[in-house]
Amino acid sequence: MEGVARVLGFSRIVCHPAIGLAGGFCLMWEQDVNLNIVSSSRGSFEAMVWDCQSRDHWMMCATYGTPYSSEKSSFWSDMSSRVSNCDIPWVVIGDLSCIGSPEEKIGGRRVTHTELKWLTEFMEDTGGVDIRCKGGKFTWHSKRFKDGLIRERALAKWKKNFFGEMDTVIRSLEERISWTQKQQLEKSLIEEELDLNEKLSLAWKCKEDKWRQKEVNQDLVAIPSAEKIRGIVFELHPLKAQGPDGFLGCFFRKYWEIVRPLVIEATQEFFCTGVLNPLVNHTFICLIPKVDHPELIEQFKPISLCNFQYKVIAKILSNRLRPVMEDLVSPVQSAFIPGRWIAETSILIQELVHKICRMKGKGGLMAIKLDMHKAYDKMEWSFLDKVLERNGFSEKARSLLVACVAGVSYSVLLNGNPLKKFVPYRGLRQGDPLSPFLFLLWQEVLSKLILNAEGRGSLAMAADEKLIDVWRQPWIPLLKYDEFRQLMEQLRSRRYTFKTLADLSNGISWNEEIVVQIFGESLGKRILEIPRLSFPHKDQIIWKENNNDAFSVKSAYWVDQGYRMNPKKDIWKMIWKGEIHPRLSMSLWRFLNEAIPIRNKLPFAGDKQCLLCGNFPGSSMIEFVERVLMAIPSSTCASFLVYMACVFEEVWRLRNGTLFKGVQTSLLPAIMRIRKKFCDFMSHPEIVETNLSVPKRPFCKTSKDFDFVLTNAAWSADLAGLAVVMINVEDGPWMYKVELATAGSALEAETKAI
């Protein structure tokens with residue numbers, strides 16, 4: 001077997017000799033694999049493998065599963081016991097002599113349930129994940145090539161802290177599905193099983209995504225080999241402008257055998273430690289004129305001239321990022337992504353503008369052009385790190401990428417000579433191989449925000465439904481945009497073939513049977529109640545946030561920025577639109593919004609205790625007021641708000657007197673002042689007079705019954721507004737009169753008022 005191993009390219013080998021004509025087993029591995037055999041038995045090897053990337057051990061079990069049915073139970077029981085007791089990551093590889101699904105066998109006799117249960121139960125008991133195989137799908141045929149092919153398998157389990165609680169979720173869903181299938185056939189259980197199957201499918205998809213993301217992170221942070229580094233050096237352009245090091249790419253090509261150890265050591269050291277030498281990351285900025293005779297700094301284009309060593313590192317990272325960008329960036333972005341054509345964007349814009357210009361009739365379309373001025377310069381590094389984290393990049397991968405971006409220093413070239421070095425605090429470099437990909441990830445956030453904002457407020461109204469895409473356009477007014485998207489994603493997994501609402505309709509009415517079948521009885525009945533536009537109306541988009549269904553900039557602003565505002569409350573309508581004096585309305589608004597300079601709101605105030613009671617602030621005052629308003633009759637709500645405003649103002653007066661004047665507070669006089677102020681406002685509510693020519697009360701021509709008579713006049717351009725008010729202090733009645741008259745001067749107007 002040693003000769004066979006040498007022919008296959010393996011330098012290390014462990015064998016179990018054959019017994020008679022069969023039964024020999026052999027494990028081979030390469031010299032650079034750090035593998036130590038822990039134990040071996042007939043048909044099985046256990047070994048500890050050192051992972052130099054994660055700096056940790058994992059256990060490998062290479063085995064040949066018994067093909068005899070009488071021995072399978074003990075074999076798989078022993079295998080489950082061994083891996084369950086393993087407290088480090090483990091992998092089981094080899095020919096297990098069993099399969100997990102009928103699709104893994106081609107030809108031959110039909111697969112039975114007994115043949116599938118061994119592998120399925122093993123993975124359920126141990127939490128293993130089938131990582132499939134790499135290379136040829138089927139590895140041997142046992143002289144039955146035309147009859148049946150069997151595939152070898154690799155199973156693995158990583159630590160629970162990587163997958164989180166996903167295994168527990170999957171197992172609980174599978175147990176619930178198994179329970180429902182054992183019950184009597186009922187409609188509610190059928191719907192529950194369909195829902196559980198959807199959740200199980202999403203859970204497995206999430207687990208597969210995490211597994212795939214782990215592989216991406218491992219590839220991104222892997223230490224490049226010497227041959228890979230050499231390939232990058234000879235791939236870079238040999239005559240690109242040199243950076244601060246002063247060397248072109250052709251120098252490294254010509255003298256590679258001399259500089260080879262230094263370049264490889266510096267590159268591998270960065271991927272091991274994650275630290276980039278500041279001298280390597282120093283960059284010259286060359287200003288290229290955009291016009292013939294530039295006069296302003298904006299008329300120059302800054303180009304970064306990086307050191308060749310940094311270009312090697314950045315090129316390795318960009319080459320590893322390139323394959324995953326297709327999955328991270330939405331199809332609306334076409335720049336720098338392999339397989340996408342940037343000119344598609346220009347063609348699409350021309351078609352949209354043509355459509356807008358040719359559109360006739362009421363309504364219209366709108367196009368927004370966004371000019372990202374100095375977009376590379378405004379990239380915040382902290383935000384970039386958050387974007388990378390949300391896209392699933394590990395901490396080590398993020399540290400490598402951010403080290404390349406945030407560790408830079410610049411020197412501007414003036415007439416070919418570098419000026420004083422300075423260190424930036426944000427931005428990407430023009431000319432850095434990493435910059436296009438990092439900018440796309442940053443811009444993807446903006447694209448998703450625009451798409452979400454577009455969907456939150458719009459709604460498709462159905463007429464003949466031929467133009468409404470049921471998968472993308474929010475046509476169900478009962479659901480919010482996020483709920484609509486989640487619902488359609490769940491339906492997509494069921495492989496439905498309908499595309500537009502016409503497929504769910506009979507003419508201009510709903511197809512009740514199809515709608516209920518797809519959306520379920522509860523939601524389906526609510527969809528059937530959605531009104532339809534009658535003929536000859538066409539499909540149209542309405543804006544749900546306005547009562548008139550028309551789009552407005554104000555409502556769009558509230559949809560986009562609503563998270564910054566306080567939620568709408570009915571109490572504000574009572575305060576601002578009720579019969580409450582404007583002064584009290586303003587006071588209530590300030591106190592209930594806590595828009596007052598109290599110690600709890602002042603960051604520089606060390607003592608947060610109340611000056612009057614000595615306690616710390618409790619729950620929000622607006623919650624207390626809202627609870628009281630819900631408990632009392634609606635006819636007394638206005639009186640309660642007026643009384644609360646009087647209480648707030650008096651407490652605020654006492655607080656300021658104690659804080660600034662040292663006045664001792666007394667409770668009884670304060671209560672008396674509150675009651676008096678409340679009675680004054682309730683006996684003289686806010687009066688809004690719309691018709692000034694007709695008074696509400698008959699005007700008394702004599703003033704003998706009144707203590708005060710007040711007059712005033714306003715004059716402009718021979719016209720005067722006259723007003724008089726008479727007040728009886730003892731009894732409380734008062735009367736007024738207003739009149740429009742002609743007057744030659746302000747003095748004449750005042751005289752007429754008297």
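Okay, so start with Ile 368, which sits in the loop between α11 (343–358) and α12 (381–390). This is a predicted model, by the way. Ile 368 comes out exposed, with a relative accessible area of 64%. And Ile 368 has company: Met 366, Leu 370, Leu 446, Ile 450, Phe 551 and Val 553 join it in a nonpolar surface patch, with about 750 Å² of accessible area together.

Let me zoom out for a second. The chain has 754 residues, and 33% of them are buried. For secondary structure, we get 23 helices and 21 strands. The exposed area of the chain is about 48400 Å², with 57% of that supplied by carbon and sulfur atoms. If you take contacts between residues at least 6 apart in sequence, 58% of them join residues at least 24 apart.

Now for a couple of strand residues. Ser 411 is in β13, residues 409–414. Is Ser 411 buried or exposed? Buried, at 4% relative accessibility. Its side chain makes a polar contact with the side chain of His 282, at 3.1 Å. Leaving out residues up to four places away in sequence, Ser 411 touches a run from His 282 through Thr 283 and Phe 284 to Ile 285, and also Pro 418, Leu 419, Lys 420 and Lys 421.

The other one is Thr 63, in strand β5, residues 56–64. Thr 63 is buried as well, at 6%. With the sequence neighbours up to four places away left out, its contacts include Gly 43, Ser 44, Phe 75 and Met 79, and Val 92, Ile 93, Gly 94, Asp 95 and Leu 96 are on the list too.

While we're in that part of the sequence, cysteines. How many disulfides does a search of the whole structure find? Zero. Take Cys 61, which is buried at 1% relative accessibility. The closest cysteine sulfur to that of Cys 61 is in Cys 86, and at 10.0 Å it's too far away, so there's no bond between them.

On to salt bridges; the count is 13. I'll show you three. Arg 398 pairs with Asp 385, with the closest N and O atoms 3.2 Å apart. Arg 398 is in helix α13 (residues 395–406) and Asp 385 in helix α12, 13 residues apart. Arg 398 is buried, at 14%, while Asp 385 is partly exposed, at 24%.

Next, Arg 583 and Glu 649 meet in a salt bridge at 3.0 Å, N to O. Arg 583 belongs to α19 and Glu 649 to α21 (residues 637–661), so this pair ties together parts 66 residues apart in sequence. Arg 583 is partly exposed at 43%, and Glu 649 is buried at 12%.

Then there's one inside α21: Arg 653 with Glu 650, also a salt bridge, at 3.0 Å, N to O. These two are three residues apart, so about one helical turn separates them. Arg 653 is partly exposed at 42%, whereas Glu 650 is buried at 4%. Elsewhere, Glu 46, Asp 78 and Arg 82 are joined into one network by salt bridges that share partners.

Last stop, another loop. Glu 579 is between α18 (570–577) and α19 (582–592). It's exposed, at 69% relative accessibility. Glu 579 and Ser 639 are 60 residues apart along the chain, and their C-alpha atoms are separated by 9.4 Å.

Key. Residues numbered from 1 in each chain as written. Predicted model: local features only at pLDDT ≥ 70, side-chain atom pairs only at ≥ 80, totals over all residues. Heavy atoms only, no water. Patch = residues over 30% accessible without salt bridge, like charges linked within 9 Å, V, L, I, M, F, W, Y side chains within 5 Å. Areas by Shrake-Rupley, 256 points an atom, 1.4 Å probe, with all protein chains shown as cover. Salt bridge = Lys/Arg side-chain N within 4 Å of Asp/Glu carboxyl O. Helix = DSSP H or I, 4+ residues; strand = E, 2+ residues; numbered from the N terminus. Buried < 20%, exposed > 50% of the residue type's maximum accessible area, 1.4 Å probe, protein only. Polar contact = N/O pair within 3.5 Å; in protein donor to acceptor, adjacent residues only side chain to side chain. Contact = heavy atoms within 4.5 Å. Disulfide = S-S within 2.5 Å.
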